[in-house]
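Reader: I am in my first year and still learning how to read a structure. Please choose one small part, take me through it slowly, and then show me how to look outward from there to the rest.

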There are 2 protein chains.
Amino acid sequence: MSNPKNDLFIRACKRLPVKRTPIWIMRQAGRYLPEYRAVREKYDFLTMCKTPELAAKVTIQPVDILGVDAAILFSDILVIPEAMGMHLELIESKGPVFHQPIRSEDDAKKLKRIDPDKELKFVLDAVELTKKELNGRVPLIGFSGSPWTLLTYMVEGKGSKNFSNVKRMIYNDPALAHSILNKLSDVIADYLSAKICAGADAVQIFDTWGGILSQSDFQEFSLNYITKVISQVKRKDEPIVVFCKGVHFGLVQLTNSGADVIGLDWTMNLEEVRSKIGDRVALQGNLDPTVLYAPVEKIKEETVNVLRSFGKGSGHIFNLGHGILPDIEPEKVKALVRFVKEKSAVFHPNVPETQKV
Amino acid sequence: MSNPKNDLFIRACKRLPVKRTPIWIMRQAGRYLPEYRAVREKYDFLTMCKTPELAAKVTIQPVDILGVDAAILFSDILVIPEAMGMHLELIESKGPVFHQPIRSEDDAKKLKRIDPDKELKFVLDAVELTKKELNGRVPLIGFSGSPWTLLTYMVEGKGSKNFSNVKRMIYNDPALAHSILNKLSDVIADYLSAKICAGADAVQIFDTWGGILSQSDFQEFSLNYITKVISQVKRKDEPIVVFCKGVHFGLVQLTNSGADVIGLDWTMNLEEVRSKIGDRVALQGNLDPTVLYAPVEKIKEETVNVLRSFGKGSGHIFNLGHGILPDIEPEKVKALVRFVKEKSAVFHPNVPETQKV
C-alpha cells in the first residue's frame with residue numbers, strides 16, 4: 001500500500017486518532033453528477049466498467065468536485081457473475097438483468113471458476129490507473145458484493161420484491177445454495193485480494209440483501225460466507241469494511257467476522273451500536289440519503305446529529321446510510337462534505353494537526 | 001362485542017391464559033387461495049371491497065379452508081384516500097395508482113374530511129354481514145393503514161423504491177406533512193371506531209412504511225400519529241394491534257402507544273423483544289413468509305422455532321412476519337395452521353380446556 005497524502009479514512013478505519021471525521025459517499029461516482037452523466041452519455045455502463053480510462057475518470061470526479069476523503073473504484077458488483085459466464089444486460093429502466101438465472105444444479109455447474117487476474121483484469125487495470133492518477137491524494141477503496149448478495153441477483157435474475165426464487169432455493173435445496181456460495185466466496189476473496197495487490201488501500205463488501213433474511217438464515221447463508229471471504233483476503237494492513245443493509249440484528253456477530261469497519265444504514269443509531277459493540281470495530285454511516293432532498297440548513301442539522309450520535313473519538317467514517325440517489329443536487333452534496341469537515345473537529349479534541357501513523 | 005366461540009385470539013391479545021397459541025395470517029383472504037381467485041375472476045378488486053356480500057365471502061374463506069383463529073375483513077388500506085376524493089386505480093401488474101398524488105398545499109386542501117359512516121358505509125356493512133355469517137365462530141379483525149403509510153401512498157401515488165416524494169415533503173414542508181397526518185389520524189380513528197361499532201372484535205393498524213424512516217423521523221411522522229389514532233379510537237374492550245414493518249428500533253416506544261399487541265416482521269427475534277419490552281403488550285408474528293416455499297418438514301421445524309422463540313405463557317399470536325405471498329400452495333398454509341395447533345399446547349402448560357374470561 002502506498003501512503004496516501006490524506007490518510008484520514010484509513011486512520012479512522014483503524015480507530016487511530018484523526019483531526020476530523022473523514023467522509024466518502026456510497027455511489028459517489030454516479031448519476032447525480034453532471035460530469036458523470038457527460039461520460040455516461042457517450043458510453044454504456046458496462047463499457048465504462050471495462051475501460052480503465054473511463055472507470056478512473058469517473059472514480060476521481062467526486063474527489064475533485066466534492067473533496068471527499070476516499071475514492072471508490074467505479075464498477076459493478078455483477079462483473080463477477082458476468083465473468084463466471086452469465087450474460088448480463090443492464091437495462092436503463094429495469095436495472096441489471098440475467099436472462100438465464102441460476103435455478104438448478106445444472107445451471108450452477110456452468111459457472112466458471114475464474115481467475116480475477118485474467119477474467120477481471122480490466123478492474124485491476126482500472127485500480128492501477130486510478131491509483132496513478134490519484135497520485136496519493138486520497139485512498140482508493142475497492143469493493144465486491146457479498147456471496148449472498150451476488151447469489152440473490154444470480155438466482156432472481158433481476159430486481160425482486162419478495163426474492164421468491166432465492167428463498168425457494170435455500171429452503172428446498174440448501175446444499176445447492178451452499179455450493180454456489182462457497183464457490184462465490186473463493187472468487188470474491190481472490191478478487192478483493194487482487195484489487196489490494198493492484199493498489200486498493202481498503203475494500204468494502206456490500207451485503208445489500210442480507211436484511212431480507214431471518215436472523216438464523218442470515219447467519220447460515222450470508223454472515224458465514226462474509227467471514228470466509230474476509231479470512232481468505234490476502235492483505236497486509238488494508239482495512240475491510242462490511243456494509244449489510246437492514247441487518248440490525250447481526251451487528252455483534254458482524255464484529256466477529258474479521259471486518260475492521262461496519263457500515264450502518266440510516267435506521268440504526270450510532271450511539272446505541274457503539275455502546276453495544278464497543279470499540280472493537282470502526283463504524284461507517286449513516287445519514288438518511290433522502291436528507292439530501294432537504295434545505296442545506298436541515299442537512300447541516302442532521303449532519304451534526306450523526307456526528308454527535310457517534311460522539312467523541314476516532315473510529316467513525318461519515319457516509320450516507322445507503323447509496324446517494326440519482327436526483328440529488330450536487331450543491332447539496334458539496335454542502336454535506338463541507339459540514340462534515342467543519343463540524344467534526346470538535347469530536348476529535350487534542351489531536352495534533354499532523355498525525356501520521 | 002359479541003362473544004366469539006373461539007376466543008383464543010382475543011384472549012392472547014389480552015395476555016390471558018390460552019390452551020394453545022392462536023394463529024391468523026396477514027393477507028389470508030388472498031390470491032394464493034383458488035377459492036379467492038374464483039371470486040376475483042368475476043369482479044375487480046375494488047368492486048370486491050365495495051360489495052359487502054363479496055367482501056364477507058372472501059373474508060370467511062380462510063376460516064373455513066385453513067381453520068385460522070381469526071378472520072380479517074377483506075378490504076384495502078387505500079379506501080380511505082379514495083373516500084377523501086383521490087381517484088384510485090388498481091392496476092394488476094403495477095399495484096395501486098393515484099394519478100393525481102398529493103404534492104402541495106393546494107392538493108391537500110382538496111382532501112375531504114369524511115364521515116366513515118357515510119363515505120365508507122360499504123366497509124361497515126361488510127363488517128356487519130361478515131359478523132352475521134361468521135356467527136361467532138372466530139373474532140373479526142378490522143384494519144387501517146397508519147397515517148404515515150397512507151400519506152406515503154398518497155404522496156408517491158404508486159409503488160416506490162426510494163420514497164423520494166414523501167421524503168421531500170417531510171424535509172421541505174414538514175408543516176404540510178403534519179397537517180395531512182393530523183387529518184388522516186382523525187379519519188382513521190373514526191374509521192376504526194366505526195368498524196368496532198359495527199362489530200369488529202379487534203383492529204390492526206398497518207404501518208407498512210414506518211421502516212423507511214430514521215429513528216427520529218419515525219417518532220415524529222409515524223409513531224406520534226399512531227399514538228394519536230389509538231387514543232381516539234372509541235372502544236370498550238377491543239384490542240388494538242400495531243404492525244410496523246422494519247421498525248426494529250421503535251419497539252419499546254411502540255409499547256407506549258396504547259397498542260395491546262405489537263406485530264413483528266421476520267427479522268426480529270421474539271425472545272429478544274419479549275425480554276426487552278417485558279409482558280406489557282402481546283406479540284404477533286413472525287414466521288418468514290417465504291418459509292412457506294419450503295417442504296412441510298422444514299415448515300414444521302421453523303414453526304416450532306417461532307413458538308419456542310416466544311416461549312411459555314400467553315401473549316403470543318402466531319402470524320407470518322408479513323403478508324402471505326400469492327404463489328404459496330394452500331396445502332402448505334394448511335400444514336402451518338395444523339402445526340401451530342399441534343405444537344403450541346406445550347407452551348401453555350396447566351391451562352384448562354375451558355378458559356373463558
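Author: Let us begin with Phe143(B), which lies in strand 4 of chain B, a strand made of residues 140-145, and let us keep in mind that what you have in front of you is a predicted model. Is Phe143(B) buried or exposed? A residue is called buried if 20 or more other C-beta atoms lie within 10 Å of its own, and Phe143(B) has 21 of them within that distance, so it counts as buried. If we set aside the neighbours within four places in sequence, the contacts of Phe143(B) are Ile72(B), Val203(B), Gln204(B) and Phe206(B). Take Ile72(B) as an example: along the chain it stands 71 residues from Phe143(B), yet in space their C-alpha atoms are 7.7 Å apart.

A second residue of chain B, Tyr171(B), leads us from the inside of one chain to the other chain. Tyr171(B) is placed in helix 10 of chain B, which runs over residues 164-172, and with 20 C-beta neighbours inside 10 Å it counts as buried. Within its own chain, the C-alpha atom of Tyr171(B) is 9.8 Å from that of Asp217(B), a residue 46 positions away in sequence. Not counting residues up to four places away in sequence, however, what Tyr171(B) touches belongs to chain A, namely Val291(A), Tyr293(A), Ala294(A) and Lys298(A).

This brings us to the contact between the chains, to which chain A and chain B each bring 23 residues. On the side of chain A that touches chain B, helix 10 of chain A (residues 164-172) gives the most, with 5 residues. Sorted by class, that side of chain A holds 8 nonpolar, 10 polar and 5 charged residues. Why can we say that the copies meet through the same surface? We can say so because 100% of the interface residues of chain A are interface residues in chain B as well.

The two chains can be laid on one another by a rotation of 180 degrees with a shift of 0.0 Å along its axis, and the RMSD is then 0.0 Å. That is the relation of a two-fold axis. If you would like to find this axis in the picture, look for His248(A), whose C-alpha atom lies 3.6 Å from it and which comes closest to it of the residues of chain A.

Now consider chain A as a whole, whose secondary structure comes to 16 helices and 9 strands. For its 357 residues, a compact globule would be expected to have a radius of gyration near 21 Å, and the 19 Å of chain A agrees with that. Taken along the principal axes, its C-alpha atoms fill a box of roughly 60 × 45 × 40 Å. Of the 357 residues of chain A, 54% are buried. Among the contacts in chain A with a separation of 6 or more, 74% are between residues 24 or more positions apart.

Helix 4 of chain A, residues 52-66, rewards a careful look. At 1.5 Å a residue its 15 residues should span 21 Å, and its end C-alpha atoms are 22 Å apart, which agrees. Helix 4 of chain A nevertheless bends by about 25 degrees at Ile60(A), with a proline, Pro62(A), following within four residues. Both Ile60(A) and Pro62(A) are among the buried residues of this helix, which include Ala55(A), Val58(A) and Leu66(A). What covers these buried residues includes helix 2 (34-42), helix 8 (121-134) and helix 16 (330-343) of chain A. After helix 4 of chain A comes Gly67(A), with a positive phi near 75 degrees.

A few backbone details remain, and for these a general remark helps. Most residues other than glycine have a negative phi, and most peptide bonds are trans. Phe163(A), although not a glycine, has a positive phi of about 55 degrees; it sits in the loop between helix 9 (147-156) and helix 10 of chain A, and with 17 C-beta neighbours inside 10 Å it counts as partly exposed. In chain B, Arg27(B) has a positive phi of about 65 degrees, again without being a glycine, and lies in the loop between helix 1 (8-13) and helix 2 (34-42) of chain B. Finally, a cis peptide bond with omega of about -5 degrees joins Gly285(A) and Asn286(A), and Asn286(A) belongs to strand 8 (residues 282-287) of chain A.

Methods: Residues numbered from 1 in each chain as written. Chains lettered and ligands numbered in written order. Predicted model: local features only at pLDDT ≥ 70, side-chain atom pairs only at ≥ 80, totals over all residues. Contact = placed C-beta atoms within 7 Å. Helix = DSSP H or I, 4+ residues; strand = E, 2+ residues; numbered from the N terminus. Nonpolar A, V, L, I, M, F, W, Y, C, P; charged D, E, K, R; others polar. Rg over C-alpha atoms; globule rule 2.2 N^0.38 Å. Buried ≥ 20, exposed ≤ 12 C-beta atoms within 10 Å, placed from the backbone. Least-squares fit on C-alpha atoms with pLDDT ≥ 70 in both. Expected span 1.5 Å × (residues − 1). Bend = angle between axes of the 7 residues up to and from the residue.
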